[in-house]
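Here is a short briefing on one chain. Look over the sequence and the fold, then read the points below.

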Amino acid sequence: MCLAIPGEIVSVRQDRPVAEVDVTGVRRAVDIGLLDGQGLAPGDWVLIHVGFAMSKIDEAEARATLELLQGLGDAYRDEIDALRESGIG
């Protein structure tokens, strides 16, 4: 199962469309090119799927989604493990 997971932007690179994003303590570089022009900044939340930020979401939606996903058990843990092992340089 592949899930889209909310993450909070920690920093945005200036040289290319990549942001460091925190997902429940796991930090990874995520491609934000699909959200070009949305003025993403630290503190913003994005929905991440396979290393790409797919949409900008508000914090309340992000937290509610994380709570729901955590209730999925193994599928959620598998997705977090995959995120932990992945990365965009």
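At 89 residues, a compact globule would have a radius of gyration near 12 Å, and the chain agrees, because its own value is 12 Å. The model is predicted. Its secondary structure comes to two helices and five strands. Along the sequence, these elements follow the pattern β-β-β-β-β-α-α.

**Overall build**

- The C-alpha trace spans about 35 × 25 × 20 Å along its principal axes.
- Buried residues make up 33% of the 89 in the chain.
- Among contacts with a separation of 6 or more, 48% join residues 24 or more positions apart.
- The exposed area of the chain is about 5100 Å². Carbon and sulfur atoms supply 50% of that area.

**Charge and salt bridges**

- The chain carries 8 positive and 16 negative side chains. The centres of these two sets lie 5 Å apart.
- Side chains of opposite charge can pair when their charged atoms come close.
- The count of salt bridges comes to five.
- Arginine 13 and aspartate 15 form one of them, with N to O at 2.7 Å. Aspartate 15 has 57% relative accessibility, so this residue counts as exposed. Arginine 13 is at 36% and therefore counts as partly exposed.
- Aspartate 22 and arginine 27 form a salt bridge too, and their closest N and O atoms are 3.5 Å apart. Arginine 27 has a relative accessible area of 42%, so this residue is partly exposed.
- Aspartate 44 pairs with lysine 56 in a salt bridge, with the closest N and O atoms 3.7 Å apart. Lysine 56 sits in strand E5 (residues 52-57), while aspartate 44 sits in the loop between strand E3 (26-31) and strand E4 (45-49), so the pair ties together parts that are 12 residues apart in sequence.
- The two partners of that bridge fall in separate burial classes: lysine 56 is partly exposed at 38% relative accessibility, whereas aspartate 44 is buried with a relative accessible area of 17%.
- Glu20, Asp22 and Arg27 are joined into one network by salt bridges that share partners.

**Alanine 53, a buried strand position**

- Alanine 53 has its place in strand E5.
- Is alanine 53 buried or exposed? Its relative accessible area is 0%, so alanine 53 is buried.
- Which residues is alanine 53 in contact with, leaving aside neighbours within four places in sequence? They are Val30, Asp31, Ile32, Leu34, Leu35, Val46, Leu47 and Ile48.
- Glutamine 70 is 17 residues from alanine 53 in sequence. In space, the two are 20 Å apart, C-alpha to C-alpha.

**Arginine 16, a loop position**

- Arginine 16 lies in the loop between strand E1 (5-12) and strand E2 (18-23).
- The relative accessible area of arginine 16 is 35%, so this residue is partly exposed.
- Isoleucine 32 is 16 residues from arginine 16 in sequence. Their C-alpha atoms are 9.0 Å apart in space.

**Positive phi outside glycine**

- Most residues other than glycine have a negative phi.
- Threonine 24 has a positive phi, near 45°, and is a residue other than glycine. Threonine 24 is found in the loop between E2 and E3. With a relative accessible area of 40%, threonine 24 is partly exposed.
- Valine 50 likewise is a residue other than glycine with a positive phi, near 45°. Where is valine 50 found? Valine 50 is in the loop between E4 and E5. Its relative accessible area is 57%, so valine 50 is exposed.

Technical notes
Residues are numbered from 1 along each chain as its sequence is written. This is a predicted model: local features need pLDDT of at least 70, side-chain atom pairs count only at pLDDT 80 or more; totals for chains, interfaces and linings use all residues. Side-chain values use heavy atoms; hydrogens and water are left out. Helices (H or I, at least four residues) and strands (E, at least two) are DSSP runs, numbered from the N terminus. The radius of gyration is taken over C-alpha atoms; the globule rule is 2.2 Å times the number of residues to the power 0.38. Buried means under 20% relative accessible area, exposed over 50%, partly exposed in between (1.4 Å probe, protein chains only). Contact means heavy atoms within 4.5 Å. Accessible areas come from the Shrake-Rupley method with a 1.4 Å probe; for residues, only the protein chains shown count as cover. Lys and Arg count as positive and Asp and Glu as negative; His and the chain ends are not counted. The place of a charge is taken as NZ of Lys, CZ of Arg, CG of Asp or CD of Glu. A salt bridge is a side-chain nitrogen of Lys or Arg within 4 Å of a carboxyl oxygen of Asp or Glu.
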